[in-house]
Amino acid sequence: QVRLVESGGGLVQPGGSLRLSCAASGRISSIYKMAWYREAPGKQRELVASITSSSNTNYADSVKGRFTISGTNAKNTVYLQMNSLKPDDTAVYYCNADMSITYGSRRNYWGQGTQVTVSS
């Protein structure tokens, strides 16, 4: 089966930076879109940023100008560069893949999540 493995989370002070990584592996046929979501305690999971196979990007208003999503050509690995971090950015960040596997149909896959804590 396919796997999404995330890394890069941690504790950072306000104004600091972190880079999250998500690596997709397994029986991947096509990746149509990769995205980062986040979920803070007691809050709904929300879309942070997304990138298509053609590298078109989209961002939540709350992170525009501060976060940058990027990836390899095939989007097997995607990154989320987070700058000027704020305490409100504290959440578990999840990688999501809109992809198809070999001999399979298109569907969504989720990573395990990585904790980002922004605090003094």
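For counting charges here, Lys and Arg are positive and Asp and Glu are negative, while His and the chain ends are left out. With that in hand, let's walk through this predicted model. The protein carries 13 positive and 7 negative charges, and the mean positions of the two groups sit 7 Å apart.

Now for the fold. You'll find 11 strands and 0 helices in the secondary structure, so the radius of gyration is worth a look next: at 14 Å, it is close to the 14 Å that the globule rule gives for 120 residues, so the protein is as compact as a globular protein of that length. Follow the C-alpha trace along its principal axes and you get spans of about 50 × 25 × 20 Å.

How does the chain meet itself? Take the contacts between residues at least 6 apart in sequence: 56% of them join residues at least 24 apart. As for what is tucked away, 41% of the 120 residues count as buried. The accessible surface adds up to about 6300 Å², and carbon and sulfur atoms account for 45% of that.

Let's zoom in on one residue, Ser 21. You can spot Ser 21 in strand S3, which runs over residues 18-25. Is Ser 21 buried or exposed? Its relative accessible area is 15%, and buried means under 20%, so Ser 21 is buried. Leaving aside residues up to four places away in sequence, Ser 21 touches Val 5, Glu 6 and Ser 7, along with Trp 36, Val 78 and Tyr 79.

How values were computed. Residues are numbered from 1 along each chain as its sequence is written. This is a predicted model: local features need pLDDT of at least 70, side-chain atom pairs count only at pLDDT 80 or more; totals for chains, interfaces and linings use all residues. Side-chain values use heavy atoms; hydrogens and water are left out. Helices (H or I, at least four residues) and strands (E, at least two) are DSSP runs, numbered from the N terminus. The radius of gyration is taken over C-alpha atoms; the globule rule is 2.2 Å times the number of residues to the power 0.38. Buried means under 20% relative accessible area, exposed over 50%, partly exposed in between (1.4 Å probe, protein chains only). Contact means heavy atoms within 4.5 Å. Accessible areas come from the Shrake-Rupley method with a 1.4 Å probe; for residues, only the protein chains shown count as cover. The place of a charge is taken as NZ of Lys, CZ of Arg, CG of Asp or CD of Glu.
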